[in-house]
Amino acid sequence: MTNAQATGTAVDSEPAAAGGPGRGIAFLKGHGTENDFVIVPDPDGVLELSPAAVARICDRRAGIGGDGLLRVVRSAADPEARALAGEAEWFMDYRNGDGSVAEMCGNGVRVFARYLQHAGLAEAGDLAIATRAGVRRAHLAKTGDVTVSMGRAELLPDGVTVTVGDRSWPARNVNMGNPHAVAFVEDLGHAGELRGVPPFSPATVYPHGVNIEFVADRGPRHVAMRVHERGSGETRSCGTGACAVAVAAARRDGADPAVTGSPVTYRVDVLGGSLEITERPDGTVEMTGPAVIVAQGTLDPAWLVTALD
């Protein structure tokens, strides 16, 4: 692994601020349906990771590589989460792969929960996790999938249009703690290469950018999607995006659990696997899917300083 010393044992590290003195910065690598993350344990909130440092760490050729970075910090030790410390011991400080801050990451919450279990900081069962979008509650099985209660979807006024080449589609404006534009297409190939941000209008609807999902039907209550994630580009999966897609598909199909009193479940296929999304009558959206820890090691802080020169 270039510029990082991979180890097969627990990391022997006293966390140091990025670019500061120390024996190394602990990291792990994990993924949820191939949406992959660098995990940085920082329980006491002593690390200072600038946007440039995060982007460098997430670089797939010059760093460790990841769609984003999860900093694991006690809520009481972080000013952004201190008010939530009474509800959730741990705060998921999520950064996009370009170093920008994001409100939420659904696959990230599952991987975050799996890390806490892996590190012996959480037992199987129910677990509360603080995020910038509020507290999210996860259920950890001893093995297998992780279920996360993602809160309620907010269906905002529509009127958004997404364009790729000479094709345009109306998009459903859904907020899952972060913004989504959901466009239903005949073929996922119509989304194009997704190297850049697909044009959307009016731009004023998403002043801070948006996650854009392209969705095709696969069967009854079964859809597939591709996604361009704000700050990361096209990713193999997006948990909040899958939740937004399931809710948008349910409304398109005339299903509303708040009206019928019965939950609605959709299977959402992503490039990296499948997620099960259930919307309950009280509006709560639950997401179930895999979360895997694949490696751990130490990042040399001297490399990070050199890399940022």
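# A tour from strand S15 to the cavities

Begin by selecting strands S14 (residues 211-219) and S15, which run antiparallel and are joined by 7 bridges. The model on display is a predicted one, and every stop on this tour should be read with that in mind. Within this pair, pick out valine 215 and then look across to methionine 225, its bridge partner in S15. Moving to the turn, you will find that the hairpin of S14 and S15 has 2 residues between the strands, and that arginine 221 takes a positive phi near 50° there.

Now keep S15 alone in view, residues 222-229, and colour the strand by accessibility. Of its 8 residues, 8 are buried, so the strand is largely enclosed by the rest of the structure. If you show the side chains, His222, Ala224, Arg226 and His228 point one way from S15, while Val223, Met225, Val227 and Glu229 point the other way, and all of them are buried.

Next, add the other partners of S15. With S17 the strand pairs in the parallel sense over 3 bridges, and here alanine 224 stands opposite aspartate 269 in S17. With strand S16 (residues 233-235) the pairing is antiparallel, again described by 3 bridges, and valine 227 has threonine 235 of S16 as its bridge partner. S15 and S16 form a hairpin with 3 residues between them, and in that turn glycine 231 has a positive phi of about 85°.

Stay in strand S15 and centre the view on histidine 228. This histidine counts as buried because its relative accessible area, 5%, is under the 20% cut-off. Apart from neighbours within four places in sequence, histidine 228 is in contact with a set of residues that includes Leu194, Arg195, Gly196, Val197 and Pro198, as well as Val210, Asn211 and Ile212, and also Gly233 and Glu234. Draw a distance from the side chain of histidine 228 to the backbone oxygen of glycine 196, and the viewer should show 3.3 Å. For a sense of scale, select aspartate 126 as well: it is 102 residues from histidine 228 along the chain, and the two C-alpha atoms are separated by 31 Å.

One of the contacts of histidine 228 is Leu194, and leucine 194 is the next selection. You will find leucine 194 in the loop between strand S12 (179-184) and S13. Its phi is near 55°, a positive value in a residue other than glycine, and the residue is buried, with a relative accessible area of 6%. Follow the chain to the loop between strand S13 (200-201) and S14, where proline 202 lies; the peptide bond that leads from serine 201 to proline 202 is cis, with omega near -5°.

For another positive phi in a residue other than glycine, go to glutamate 34, where the angle is near 70°. Glutamate 34 sits in the loop between strand S2 (25-32) and S3, and at 36% relative accessibility this residue counts as partly exposed.

Then select glycine 45, in the loop between strand S3 (35-41) and helix H1 (51-58). Glycine 45 is partly exposed, with a relative accessible area of 31%, and, neighbours within four places in sequence aside, Arg71, Val73 and Ala77 are in contact with this glycine. From glycine 45 to glycine 165 the C-alpha to C-alpha distance is 45 Å, with their positions 120 residues apart in sequence.

Finally, turn on a cavity display. The structure holds 2 cavities of 30 Å³ or more, and about 60 Å³ of space lies in the largest. Its lining has 13 residues, and those closest to the centre are Asn96, Met104, Asn178, Asn211 and Glu229. Strand S5 (90-96) and helix H3 (239-252) each supply at least two residues of this lining, which divides into 5 nonpolar, 6 polar and 2 charged residues.

The last stop is the second largest cavity, with a volume of about 40 Å³. To show its lining, select Ala246, Val247, Ala250, Val264, Tyr266, Ile277, Thr278, Glu279 and Val285. H3, strand S17 (264-270) and strand S18 (273-279) are the elements that give two or more residues to this lining, and the residues divide into 7 nonpolar, 1 polar and 1 charged.

Notes
Residues numbered from 1 in each chain as written. Predicted model: local features only at pLDDT ≥ 70, side-chain atom pairs only at ≥ 80, totals over all residues. Heavy atoms only, no water. 1 Å grid on protein atoms, 1.4 Å probe; cavity = no way out; pocket = protein on both sides within 12 Å on 5 of 7 lines; lining within 4 Å. Points joined across faces, edges and corners; volume = space filled by probe spheres on them. Helix = DSSP H or I, 4+ residues; strand = E, 2+ residues; numbered from the N terminus. Nonpolar A, V, L, I, M, F, W, Y, C, P; charged D, E, K, R; others polar. Buried < 20%, exposed > 50% of the residue type's maximum accessible area, 1.4 Å probe, protein only. Contact = heavy atoms within 4.5 Å. Pairing = 2+ DSSP bridges. Polar contact = N/O pair within 3.5 Å; in protein donor to acceptor, adjacent residues only side chain to side chain.
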